[in-house]
Amino acid sequence: MKVLLLKDPKEDDCGQDPYIRELGLYGLEATLIPVLSFEFLSLSSFSEKLSHPEGYGGLIFTSPRAVEAVELCLEKDNKTEVWKHSLKEKWNAKSVYVVGSATSSLVNKIGLDTEGESCGNAEKLAEYICSRESPALPLLFPCGTVKGEILPKMLKDKGIPMESIIVYQKVPHPGIQVNLHSYYSQQGIPASITFFSPSGLTHSLKHIQELSGDNIGRIKFAAIGPSTARALAAQGLPVSCTAESPTPPALAKGLRLALQA
């Protein structure tokens, strides 16, 4: 059974995308098509903030791109050695909060210890932070131009100071239309399509509707999390599956149940 995942391919230590492998265990033949590209912003300002951990109570990462922004800052400003020998330890003395295992593993790779990764989404992470933090120095939150308002609002309501800095923006992937057309002409209409973000949905839905035509009702639409599910519902599309957490096993389990129904 063929399923389409609208995300970037990411190889793990075994040299295969974990989503393709996990879905394959359930007999699902997954294809990945990226629908978003990213541009990084305000890196010099972010780099300056990263150089002063004493001004913050900790860090919040809710996306892999925010971690990539840290890596770019260190490379661009030749701070890799300073990071290894002093900055990393100073940040590790504070709380580093993350959503999801993918983001967590990237944060671990730059040498930081994480907490909250099992929360699964920003709302649950906000609850976790609120249960632990006592207001003092602000938490530094590198994010994208389209960030959810749930986490900032929940922290603000609890009096926990937070400083956001926009470090990336999402833009449509230049190959969306060609790649989707190629998939449909070679593989036909997929049994299921999974969206990984509201932005990804925005940039790909029109092409999917055109290619699927009257057969769109046959497709089971899936979302990686609640905000993406809400965006699907807002477009009038039935959501057959929302992964319980943004991980390959959770999506595979949800899709299997949806496709059996």
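Visitor: Into which domains is the protein divided?

Guide: The protein is divided into domain 1 (2–35 + 174–260) and domain 2 (39–171), with bounds that come from an automatic or database domain assignment. This is a predicted model, in which local features need pLDDT of at least 70 and side-chain atom pairs count only at pLDDT 80 or more, while totals for chains, interfaces and linings use all residues. Residues are numbered from 1 along each chain as its sequence is written, and side-chain values use heavy atoms, with hydrogens and water left out.

Visitor: What separates the centres of domain 1 and domain 2, and how many residues does the contact take from each?

Guide: Taken over C-alpha atoms, the centres of domain 1 and domain 2 are 28 Å apart. The contact takes ten residues from domain 1 and eight residues from domain 2, where contact means heavy atoms within 4.5 Å.

Visitor: What area do domain 1 and domain 2 bury between them?

Guide: The two domains bury about 670 Å² between them, and 49% of this area is on carbon and sulfur atoms. Buried area is the accessible area (1.4 Å probe) that two parts lose on being put together, summed over both. The size of an interface is often given in this way, as the accessible area lost when the parts come together.

Visitor: Why is the pair Asp8 and Arg65 called a salt bridge?

Guide: The term requires a side-chain nitrogen of Lys or Arg within 4 Å of a carboxyl oxygen of Asp or Glu. The closest N and O atoms of Asp8 and Arg65 are 3.4 Å apart, so the pair meets the definition. Across the interface of domain 1 and domain 2 the rule finds one salt bridge. Asp8 and Arg65 also belong, with Glu68, to a network of salt bridges.

Visitor: Which elements give two or more residues to the side of domain 1 that touches domain 2?

Guide: They are helix H9 (198–212) and helix H10 (226–234); helices (H or I, at least four residues) and strands (E, at least two) are DSSP runs, numbered from the N terminus. By class, this side of domain 1 has three nonpolar, four polar and three charged residues. Here Ala, Val, Leu, Ile, Met, Phe, Trp, Tyr, Cys and Pro count as nonpolar, Asp, Glu, Lys and Arg as charged, and the others, Gly among them, as polar.

Visitor: Why is Ser212 assigned to its accessibility class?

Guide: Buried means under 20% relative accessible area, exposed over 50%, and partly exposed in between (1.4 Å probe, protein chains only). Ser212, found in helix H9, has a relative accessible area of 3% and is therefore buried. Leaving aside its neighbours within four places in sequence, Ser212 is in contact with Tyr184, Ile189 and Ile219.

Visitor: What makes the pairing of the Ser212 and Tyr184 side chains a polar contact?

Guide: A polar contact is a pair of N or O atoms within 3.5 Å; within protein, one must be able to donate a hydrogen and the other to accept it, and residues adjacent in sequence count only if both atoms are side-chain atoms. The side chains of Ser212 and Tyr184 make such a contact at 2.7 Å, so the distance satisfies the cut-off. In addition, a polar atom of the Ser212 side chain lies 2.8 Å from the backbone oxygen of Ile208.

Visitor: How do you know that Lys7 and Asp17 form a salt bridge, and which parts does the pair tie together?

Guide: Their closest N and O atoms are 3.0 Å apart, so the distance falls within the limit for a salt bridge. Lys7 and Asp17 lie in the loop between strand S1 (2–6) and helix H1 (18–25), so the pair ties together parts that are ten residues apart in sequence. Lys7 has 12% relative accessibility and so counts as buried, and Asp17 is buried as well.

Visitor: What makes Lys49 and Glu163 a link between distant parts of the chain?

Guide: The side chains of Lys49 and Glu163 meet in a salt bridge (2.7 Å, N to O). Lys49 is in helix H2 (residues 43–50) and Glu163 in strand S7 (residues 162–172), 114 residues apart. At 25% relative accessible area, Glu163 is partly exposed.

Visitor: Where do Lys84 and Glu81 lie, and why are they given their accessibility class?

Guide: Both lie in helix H4 (residues 80–92), three residues apart, about one turn of the helix. Their side chains meet in a salt bridge (3.7 Å, N to O). The relative accessible area is 47% for Lys84 and 44% for Glu81, so both residues are partly exposed.
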